[in-house]
Amino acid sequence: MTIELEKVAKSFGPVKVLHELDLKVKPGEFLVLLGASGSGKTTALRMVAGLETVSSGRILIGGRDVTETLPKNRDVAMVFQSYALYPHKTVFDNIGYPLKVRGLDKGQIAARVKEVAEQVQLQAFLDRYPRQLSGGQKQRVALARAIVRRPVAFLMDEPLSNLDAKLRGHMRAELKHMQQELGITTLYVTHDQVEAMTLAHRIALLEGGKLQQLDAPAMIYNDPANLFVAQFIGSPPMNVVTGELTEGKFSARSQAINTKFRRSHKKTVLGVRPEDCSITNAENGKFRANIYATELIGDHVLVTAKTDGELLTIKANKNFSAPMGATIGVDFPEDRLFLFDAETGVRLRA
Amino acid sequence: MKLFEPAKLGSMAPASKLIIYGLLGLWTFIVLFPLYWLIVTSVKLPIHVADGPVYLPFVDYTPSLHAWRYIFVDLGRDTFRPYLNSVIVAVLSSILAVGAGSMAAYALSRLEFRPRLISIGLFILGVAGTVVAVTLAGVNWRVAAAAGLALTLIVIRAARGVPSPELGNSDILFWMISQRILPPVVAAIPIYVMFQQVGMLDTHFALIVTYTTVNLPIVVWLMYDFFSTVPKDLEESAELDGASRFRVFFEIVLPLAKPGLVATSLLVLILAWNEYLLALFLSTANAQTIPILVAAQNATRGPQWWYMSVLIIIMILPVILLTLLLQRFIAKGLLLGAVKG
């Protein structure tokens with residue numbers, strides 16, 4: 001089923017936390033709302049769930065206008081960051097609660113709960129209470145409770161952020177597999193770009209209550225709409241140098257490089273990703289820089305270099321080594337650089 | 001052995017142990033001695049009470065069950081009727097107070113109320129107007145009440161546009177608990193007059209209504225705190241699972257607030273069970289409760305300590321038993337592992 005947000009906005013008093021948001025989640029799609037805290041992503045999700053009122057605009061689920069509908073009548077399931085398991089109920093009763101509320105008889109509930117418990121490998125824990133479970137198991141119970149009644153949509157509010165790093169990676173894969181298998185439309189909120197990149201069919205990147213870009217993960221990464229998106233996605237973040245563009249020539253203080261852009265622009269930001277940069281000798285590079293620090297990550301060396309007071313990060317070969325302060329050249333292919341307007345952050349295109 | 005140093009971490013030094021357990025023992029004695037005194041007095045003859053203190057039955061004096069026989073056999077029905085009255089009044093008023101009070105507390109902890117000061121003022125004005133109409137103008141009180149209410153509502157609605165400061169949930173909460181700051185004796189006479197007017201003095205109904213009203217603020221105040229500790233996520237999750245607000249309250253919130261509910265119920269039950277002043281005003285014979293009966297033993301022939309002791313023992317017995325029975329609920333941390341972990 002589709003989830004549609006039509007010019008949905010939310011204000012708390014004078015504070016506008018979400019500006020008119022237009023979003024359409026396709027049937028069976030895994031759409032991730034990505035953003036830092038305060039970006040309005042959780043508010044948007046809670047409005048779809050019905051836990052938050054809408055200041056203006058409409059929300060449609062499966063074509064039905066649910067803007068004024070109570071949460072219980074929206075037929076969506078939500079997984080909370082805290083899992084929100086009922087502490088006084090066993091795992092069995094937790095998973096079976098949505099069915100019990102719907103008035104299914106005991107036999108049906110038992111059959112469905114067993115089936116779902118098998119899917120998330122919880123068969124052995126059905127008699128336990130939430131306090132007797134590990135974090136990963138609790139997470140599974142929360143998932144099982146969401147899928148047991150086959151809702152029209154899943155809403156997930158940072159479901160993995162309470163798990164430790166290793167388990168998080170594992171649950172991420174499970175989540176993706178399960179969503180694919182069930183084919184249920186999913187709206188997923190996270191601040192973690194790795195989660196967003198790996199899970200999403202499409203990412204909606206929010207900042208300051210405004211949608212910055214809505215696109216497939218690869219497009220968000222390779223073709224960012226503005227400076228914010230470019231810097232938000234990617235680890236380590238994109239290198240930026242401020243300067244001026246004159247007839248395709250980008251100049252930043254003492255240095256200048258030629259670009260393919262055939263235009264002029266006053267305050268310009270040049271961006272290039274660390275993995276597109278390479279280190280050459282001082283004469284050949286596009287930028288001349290001094291080594292500030294080198295960090296061995298394992299499969300590569302992260303080199304930080306200083307040029308004209310700005311720090312650049314370069315992903316170098318794992319065998320690279322150089323003394324601190326050594327002068328190097330930083331090179332990158334011309335087609336891998338991005339230009340943005342320094343004031344609005346809007347991407348400049350050739 | 002060192003006298004002033006603990007043998008290991010987490011234990012006490014012998015000297016501090018001695019002092020602390022000595023103090024605790026002394027306090028235990030102070031607390032339990034009146035109970036002991038009640039028991040031994042209940043088996044004393046009047047002469048043993050009158051001729052200065054004697055402490056040990058069988059040693060200092062020969063115990064006698066005369067007081068017990070008098071209370072249970074001679075008085076018989078006159079003991080059991082007040083006892084039953086106490087049970088009925090205390091249990092029913094506690095159920096009503098806890099039921100209504102916890103729902104009010106839940107609403108206060110979850111919904112935002114913004115009563116306007118002007119509406120409250122108009123309501124008070126409406127009540128005053130009704131009273132004036134009944135007492136001075138001689139209007140039939142039913143007509144006056146209905147007309148007053150309707151008029152008040154219309155005026156409040158008409159005054160919607162008028163700017164006025166708003167109150168919040170905490171103001172409502174404070175207003176409720178402020179009802180308990182007033183000494184009950186202030187309210188006793190108006191309550192007496194009210195029930196006299198409607199001809200309901202000396203009935204269970206009058207006592208139950210009064211006790212429920214008096215205990216409501218305590219229930220709201222205590223349960224508000226317990227409900228505030230229930231994570232909102234749980235309720236939102238239940239709502240999305242398809243539960244109605246009442247279902248959320250009864251199936252999710254109340255079970256989680258059970259320790260608080262038990263403690264609160266026990267407290268108001270004991271308050272109602274022990275209540276003396278209002279019962280003195282409102283009950284004479286039919287609805288008389290046990291505390292009144294106890295005090296009555298002091299009436300015509302001077303204090304009858306032996307009968308009083310028997311009555312007090314049977315009066316405090318159910319409270320002690322109930323507390324022992326329910327204490328495991330009161331300390332239980334059910335919320336452990338509710339979220340995160």
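**Exercise 1. Work out how many residues each chain brings to the contact between chain B and chain A.**

Solution. Start by counting residues on both sides of this predicted model. Chain B brings 24 residues, and these are in contact with 26 residues of chain A. Next, turn to area. The size of an interface is often expressed as the accessible area that is lost when the parts come together. Here about 2300 Å² is buried between chain B and chain A. Carbon and sulfur atoms give 56% of that area.

**Exercise 2. Find the salt bridges and polar contacts between the two chains, then describe the side of chain B that touches chain A.**

Solution. Begin with the charged pairs: the count between chain B and chain A is 3 salt bridges. One to look up in your viewer is Arg46(A) with Glu236(B), where the closest N and O atoms are 2.7 Å apart. Then move on to polar contacts, of which the interface has 10 residue pairs, with both residues at pLDDT 80 or more.

Now ask which elements supply the side of chain B that touches chain A. Both α10 (232-240) and α11 (245-256) of chain B supply at least two residues each. The largest share, 7 residues, comes from α10(B). Finally, sort this side of chain B by class: 12 residues are nonpolar, 5 are polar and 7 are charged.

**Exercise 3. Count the cavities of 30 Å³ or more and describe the largest cavity.**

Solution. The count comes to 3 cavities of 30 Å³ or more. The largest cavity has a volume of about 50 Å³. To locate it, select its lining in chain A, which includes Val241(A), Thr242(A), Arg253(A), Phe287(A), Asp308(A) and Glu310(A). Sorting the lining by class gives 3 nonpolar, 3 polar and 3 charged residues.

**Exercise 4. Describe the second largest cavity: its volume, its lining and the strands that supply it.**

Solution. First, the volume: the second largest cavity holds about 40 Å³ of space. Second, the lining: among its residues are Asn239(A), Val241(A), Leu270(A), Cys277(A), Phe287(A) and Phe332(A). You may recognise Val241(A) and Phe287(A), since they line the largest cavity and the second largest cavity. Third, the elements: β11 (239-246) and β14 (265-272) of chain A each supply at least two lining residues.

Last, the classes. The lining of the second largest cavity has 8 nonpolar residues, 1 polar residue and no charged ones. Set beside this, the lining of the largest cavity has 3 charged residues.

Notes. Residues are numbered from 1 along each chain as its sequence is written. Chains are lettered from A and ligands numbered from 1 in the order in which they are written. This is a predicted model: local features need pLDDT of at least 70, side-chain atom pairs count only at pLDDT 80 or more; totals for chains, interfaces and linings use all residues. Side-chain values use heavy atoms; hydrogens and water are left out. On a 1 Å grid over the protein atoms alone, a cavity is a set of points where a 1.4 Å probe fits but cannot get out, and a pocket is an open set with protein on both sides within 12 Å along at least five of seven lines; lining residues have an atom within 4 Å of a point. Grid points are joined across faces, edges and corners, and a volume is the space filled by probe spheres set on the points. Ala, Val, Leu, Ile, Met, Phe, Trp, Tyr, Cys and Pro count as nonpolar, Asp, Glu, Lys and Arg as charged, and the others, Gly among them, as polar. Helices (H or I, at least four residues) and strands (E, at least two) are DSSP runs, numbered from the N terminus. Contact means heavy atoms within 4.5 Å. Buried area is the accessible area (1.4 Å probe) that two parts lose on being put together, summed over both. A salt bridge is a side-chain nitrogen of Lys or Arg within 4 Å of a carboxyl oxygen of Asp or Glu. A polar contact is a pair of N or O atoms within 3.5 Å; within protein, one must be able to donate a hydrogen and the other to accept it, and residues adjacent in sequence count only if both atoms are side-chain atoms.
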